[in-house]
Amino acid sequence: MATTEEIKERIEIPLIAETLTTERIAYLEGLVGQAKTAAAVFTQFTQEDVDRIVKAMALAGLEHAQHLARLAVEETKLGVMEDKVIKNMVACEFVYNYVKDKRTVGVIRELTDRNLSEIAEPIGVLFSLTPITNPTSTVLFKCLVAVKTRNAVVFSPHPKAWHCCAEAVKVMYETAVKHGGPEGVFTCVESPNLADNAYLMKHKDVGLIDATGGPGVVKAAYSSGKPALGVGPGNTPVYLEKTADLSSAVVDIIVSKTFDNGTICASEQTVVIDDEIYDAALKKFAELGAHICNEKETRILERGVIDPQTGFMQPMAVGQKATDIARFIGLSVKPNTKLLIAPIQGVGSDHPLSVEKLFPVLAVYRAKSVTDALKVCIDVNHAGGLGHTAVVFSRNDEVIRKFGEVINAGRIIVNSPGSIGALGAVYNDLVPTFSFGCGTGGGNSTTDNVNIHHYLNIKRQARRTQNHMWFRVPNQIYFNMNAVENLRQFQSSCTIVVTNASLERIGHVDIVRRNICPKTHVHVMVIPDAEPENKVISQSVETLNFYKPDQIIALGGGSVIDAAKIMKLKYVSPEADLEYLAAPFLDLRKRVVEYPTEKANHARLIAIPTTSGTGSEVTPFAVLIDKEHGRKVTLADYSLTPDVAIVDPQFVMSMPRGLTADTGIDCLTHALEAGVSNYASPYTDSSAVQAIRLVFTYLPIAYTHPHDEEARCMMHNAACIAAMAFSNASVGVNHALAHAFGARFGVAHGRANALMLPHVMAYNAAVPTKFMPSPYSQGYVAHKKYATVSDLLALGGHTTEEKVKNLIAATEQLLDQLDFPRSIAELGISKDEFERIVPELAKTAFDDPSWRSNPRMPLMSELVELFWKAYEGRNAAEVSSPKRQTV
Amino acid sequence: MSTMTVFLKGDEECVVSRLQEAACSLDGVAGEVVLDLSTIRRIDSVGLRALEDLIRAADEKALKITLRGVSVDVYKVLKLLRLTQRFSFLS
């Protein structure tokens, strides 16, 4: 056995950095240069080329396994030759078996369902440090993995294991080149020292550092500023739980801890044994060749193998036989002793043997309970073993699960030997490796068993996905004069009619009552003719809960129908929190909040609109006034959509002219905005275009001849059809502006829309300052869609630009026909006042979710500009014209 | 001024010998050397060394080297080795 000083010198890398000479730098540059050329040439290799070389290398490694193991033991004086042969063979055979069918060139994985492809990109030049404890096996492993991934490696073996490593590199290199591998694919730094390593770690052509070794090497790698895989020390806790198969567990622990004299850093360090089986376990260990130390021997062992100054293991013991260690420190043991076992009473500096011991010395602890055992295992884990490896022997799944939860280790080995188990592919299906990622606990970037995927840049090619779209409307829509008669088909034991006083007064409620299925108990709930408030909703829901209706009929304009939607929501799902459900969202299908699905009550909602504009009878939206906080809350969910819509024009025949114009233009705005929306689809386009056509044809007639049944009927249909379009395609920036302006100055929604509409059309038809990201649309088509509408309305024009201009002019003409004020100024709002309020209006409009589907993303400055255009009014087409460009 | 055009064809050994020949025949050339790589799909370390020797020889005579028909794979090799700036490229 070597002296302490000799072995200490062998284990530790020289700590004094030397200044590199010019010649040394040239030498190192030469190595990297060769590797760089090899890596570049390697990029041209196919998967078949690579696989052919890897197979030949694996066979060469197997052929030289014994030779290299012998060299390693002779040079390092560590470990067991026979075990090193096994390690070399595992490094070749098991690693080859794992990588052989894996793709590492070109497309390595197709995720067809996600339209993704993963493509391998080699790293290039790797700088690899290899340890003294597992020298040749680590080199063989890294060479195979490097070639499989088309990388070149500059090796810097531990100085005290240089010759055996250099021989391993030579075997692999010659085989690789013989089978077509690039020249210079592996090189090995001669007489490496810290200065060389520091230089290479920071070399611009080194893509990745793969450092396997002690904490100093790992820390240096991570401190270099280069991407690094640093794999350092561990301190493996083992829990031997009372339900374990004791015979098997004891053999496994001995196999593992004595394998290569305990040099694998994943080997067992402290075995925590349940009190119930503690004595039996130690007896079995003793029977199988372990020496159980008494208290005095334990003290001797502590002093002999643990450095009292540093608290770490004595280098002289690393990789030595149990009998040699015993002899060296003055313990008397049997000649066939495999393992020295020392009972400890705790973990930490007062218990020196609780640290990592890369030699066949094992600490054992008697645990009073599962809790006690797990706590001690956690202590061991935190005493230098974070992120590395842990072992549990148990038949109790709950104990195994709990152990896995509380121990921070990249590899948690169950009912098998720690060291060989952690290497992977022998006792389990872990990825085979000679580099254990220890996660952040160990200062590493991964907890994985390092293998090919860590030697690749994996590029993800993401093809554009065709997002699913939808077109959702009520199951049943009845329309045309006297459509209300269809109410009779809906059986109901109790129906609540939600309406407002004026509609009751003019007899609309009676018409509805007459058409409700006979024998139905009908109650009329009159609510204020305004956007619904929290208080109104609460009181109304109380009424619903009293009568327990199975049918709710909403008869009224948008406000009444919205109120009925919210009432139904609260009646059916009393736990619905309206404020929570109104949380902002970008995409209805991906939003954070979920509407309740459990139903306390069931009721059919039938909407009968009495205005031709909002289209609330088919939309999934409802607006609520939150008076307490002074704001409007918009609820949006398809569960809010009425079950049945009855679009009967008899209820709008008496609409006043002003309301006819306002609601009509609201309808037109819905259709135009849905038509150019980023969520538009062929389904919504057909609705939008038809609604626009109906509005241009019939709104002027309905306005000037209110009793024209056909015009009223068509406008009523137009409102419903436009709503079907915007329910599914949403609206745009016009609504955002109108909401902000209307709320601030108390201007009716339709009228506010009208003030903005021509200017917004011109704005959307121009080349956007900022395009709106949208997976649903391809290219910028708003101007083309306006032109299509213009063609359908036969407005003339030869170019897209002319057609857009004509559509805007036709819209302005329609607004004139309807006697709309054509500027905000006409409303009597002074320029000074407007100037003062515009910044706030722009902010409010920007916060409005309506514009999220607008084809053009509005800048704040553009919102201000649009407000000013609306203030000044008129000639939107003329103003927009010079800005048109070809898209 | 005369231009020398070298067609690189055949296996990697042939390519190397053609490059070496070209490097030795630059005396009569006064303008540029055009290397036609249209049929070359892969270049190895030896070929790269020969190419670098040719670059040096051309530099000494202030000749420009133009590569014609370089495949994407070979172009990537030249790019990784930062050699692209040494050449002009013709498709």
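Reader: Let's start with chain B. How many helices and strands does it have?

Author: This is a predicted model, and in it chain B has three helices and four strands. Go along the sequence and they come in the order β-α-β-α-β-α-β. The radius of gyration of chain B is 12 Å, close to the 12 Å that the globule rule gives for 91 residues, so chain B is as compact as a globular protein of that length.

Reader: What does the C-alpha trace of chain B span along its principal axes?

Author: About 30 × 25 × 20 Å. Buried residues account for 26% of its 91 residues. As for contacts in chain B between residues at least 6 apart in sequence, 79% of them join residues at least 24 apart.

Reader: And chain A, is it compact or spread out?

Author: Count the elements before anything else: chain A has 31 helices and 23 strands. Its radius of gyration is 40 Å, well over the 29 Å that the globule rule gives for 887 residues, so chain A is more spread out than a compact globule. Along the principal axes, its C-alpha atoms fill a box of roughly 115 × 65 × 50 Å. Buried residues make up 53% of the 887. Take the contacts in chain A with a separation of 6 or more, and 76% of them are between residues 24 or more positions apart.

Reader: Which domains is chain A divided into?

Author: The assignment gives domain 1 (45–231), domain 2 (236–427), domain 3 (471–651) and domain 4 (656–887). For a sense of distance, the C-alpha centres of domain 2 and domain 4 of chain A lie 77 Å apart.

Reader: How should I read a nonpolar core, and which residues touch the most other members of the largest one?

Author: The general idea is that in soluble globular proteins, nonpolar side chains tend to be buried together. Here, the largest nonpolar core has 173 residues, and Cys143(A), Leu144(A), Met172(A) and Val272(A) touch the most other members. Domain 1 and domain 2 of chain A both give residues to this core, so the core lies between them. Try clicking on Met172(A): leaving aside neighbours within four places in sequence, Met172(A) is in contact with Met57(A), Ala60(A), Gly61(A), Leu140(A), Cys143(A) and Phe186(A). There is also a second, separate core of 123 residues, with Tyr571(A), Val618(A), Tyr679(A) and Ala688(A) among its members.

Reader: Now a single helix. Which residues of α13 in chain A are buried?

Author: Helix α13(A) runs over residues 322–329, and its buried residues are Ala322(A), Ile325(A) and Ala326(A). They cover an arc of only 100 degrees around the axis, which puts them on the same side of α13(A).

Reader: What covers those buried residues?

Author: The cover includes α12 (295–305), β11 (339–343) and β12 (361–367), each from chain A. Look just past the helix too: α13(A) is followed by Gly330(A), which has a positive phi, near 90 degrees.

Reader: What about single residues? Is Ser559(A) buried or exposed?

Author: Count the C-beta neighbours inside 10 Å; 20 or more makes a residue buried. Ser559(A) has 22 of them, so Ser559(A) counts as buried. You'll find Ser559(A) in helix α20 (residues 558–572) of chain A. Not counting residues up to four places away in sequence, Ser559(A) touches Asp529(A), Ala530(A), Glu531(A) and Pro532(A). Asp529(A) is 30 residues from Ser559(A) in sequence, while their C-alpha atoms are 7.2 Å apart in space.

Reader: And how does Lys843(A) count?

Author: Lys843(A) has 13 C-beta neighbours inside 10 Å, so Lys843(A) counts as partly exposed. Lys843(A) is part of helix α29 (residues 831–847) of chain A. Its C-alpha atom is 56 Å from that of Gln44(A), and the two residues are 799 apart along the chain.

Reader: Last one: how do I read an interface, and how many residues does each chain put into the contact here?

Author: In general, the size of an interface is often given as the accessible area lost when the parts come together. Here we can go by residues: 10 come from chain B and 10 from chain A. On the side of chain B that touches chain A, α2 (45–60) and α3 (72–80) each supply at least two residues. The largest share of that side, four residues, comes from α3(B). By type, the residues on the chain B side divide into five nonpolar, one polar and four charged.

Notes: Residues numbered from 1 in each chain as written. Chains lettered and ligands numbered in written order. Predicted model: local features only at pLDDT ≥ 70, side-chain atom pairs only at ≥ 80, totals over all residues. Buried ≥ 20, exposed ≤ 12 C-beta atoms within 10 Å, placed from the backbone. Arc of directions from axis to C-beta. Contact = placed C-beta atoms within 7 Å. Rg over C-alpha atoms; globule rule 2.2 N^0.38 Å. Core = buried A, V, L, I, M, F, W, Y, C linked by C-beta atoms within 7 Å. Domains from an automatic or database assignment. Nonpolar A, V, L, I, M, F, W, Y, C, P; charged D, E, K, R; others polar.
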